Amino acid sequence: MVEATMLCLDNSEYMRNGDFVPSRLEAQRDAANLIVGTKIRENPENTVGMLTMANKIDVLSTLTRDNSKIMACLHEVKPQGVCDFVSGLQVANLVLKHRQVRTHHVHIIVFVGSPVIATEKQLMTLAKKLKKGNVSVDVISFGEEDENQQKLEVFISNVSKEGNSHLVIVPSGSGRLSDSIMSSPMFATNDQGQSAGGGAFGDMDLDNDPELAMALRISLEEERQRQRTASAATGGDNEKSEAQVNVESDAQQQQQSSQQGDTSSDQDSMQPSRPADVPNFDAMTEEEMLQYAMQMSLQEVTGDTPEESQELTSTSAHQQTPEGTQTETAESATKKSKKEEPVRDEAADNSMDIFQDPAYLSSILGDLPGVDPNDEQVQEMLAKLTETTTSTTEQKDDMNNSQDKDGDENEKK
């Protein structure tokens, strides 16, 4: 329901009393602040105004939605004079008649903290007039509740129409004024008493922060509505069966294994391959490495291929060559005809001559990195190599001489 509400404050000298902490005036200010905040947040079209009833009727604020303006007016209220209950309600009714939106429900909230000087007859006349204008009135009596109870009950009974008006009596020493108001029938009809008073939020004191109280209440309602909507919309459709979960997990495992296989194959393909003609130096002994170095040096000097150099130095690698093998080689060579005799390789002869020169071999080995020509093992190996080369040369010469003799005999025949 959209409302236009006027707050009538009692700022008489009675409001200096300290039976409400810290004083009646301060307790009234806190309660008024809470009511204003609640009314403005109930509906975006609600408006609130304010006036004081002591000494003279002073309209502090006309109907507005500006909460800060009303707060500033509350801090300007000072205790003075005597409260005029009847005149205050008449001026409040006049302000409500000049509201901008005529469809707003009119509502007056009156704070009474001092004795009411009006008679019951005057109160009854005022009540009937307000009832005729469909004005609902809520009276908050505190401090002088015993003295004013009878008059105010008469007034409420005459102004109430279908229970739209209430009398709230707050005895002295009963606690905070705002707590009693928010738990009263004034706000119980809108189901706000417990939540705004702080009872629904544990030990939190929400009376000093009405904005927080309203925000918590709205948040709870929105969360309940969201949960109801979600449960009705989804139901049990969002739950996966165990079979679907297992299928998904298997698919993920297969994907991971395929990715790992691709990664390993990529790593293997990225590794450089070793050329076929390059030996494995890690598996070679020192003698084999030295022999390979000599082959490479001879290849650079004579221009031979690595296979030819290997044939030339194969005798040096085998230090103990069987004599029977050498004899068989010579005999097989003599059995060949002169036409099939291979052409002598001059480069091979030159290379053999090189092996017979120890000084030249020492100079070659001296150019190799990490080789000491003066080392005992190197000198011993060079000596063996020279001896082997010399014997090989002599054998070749003998074979050539024998072949020449055979050829001459064949010609004579």
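**Close-up 1. Arg29 and its salt bridge with Glu26 in helix α1.** Arg29 is buried, with a relative accessible area of 11%, where buried means under 20% relative accessible area, exposed over 50%, and partly exposed in between (1.4 Å probe, protein chains only). Its side chain meets that of Glu26 in a salt bridge (2.5 Å, N to O), a term that stands for a side-chain nitrogen of Lys or Arg within 4 Å of a carboxyl oxygen of Asp or Glu. Glu26, at 30% relative accessibility, counts as partly exposed, and the two residues, three apart in helix α1, are separated by about one helical turn; helices (H or I, at least four residues) and strands (E, at least two) are DSSP runs, numbered from the N terminus.

The model is predicted, so that local features need pLDDT of at least 70 and side-chain atom pairs count only at pLDDT 80 or more, while totals for chains, interfaces and linings use all residues. Residues are numbered from 1 along each chain as its sequence is written, and side-chain values use heavy atoms, with hydrogens and water left out.

**Close-up 2. The salt bridge of Arg24 and Glu144.** The side chains of Arg24 and Glu144 meet at 3.4 Å, N to O, and this pair links distant parts of the chain, 120 residues apart, with Arg24 in helix α1 and Glu144 in the loop between β5 (136–142) and α5 (145–159). Both residues are buried.

**Close-up 3. Strands β2 and β3.** Strand β2 (residues 47–52) pairs with strand β3 (residues 58–64) in the antiparallel sense over four bridges, pairing being assigned if DSSP finds at least two bridges between two strands. Met50 stands opposite Ser61 in β3.
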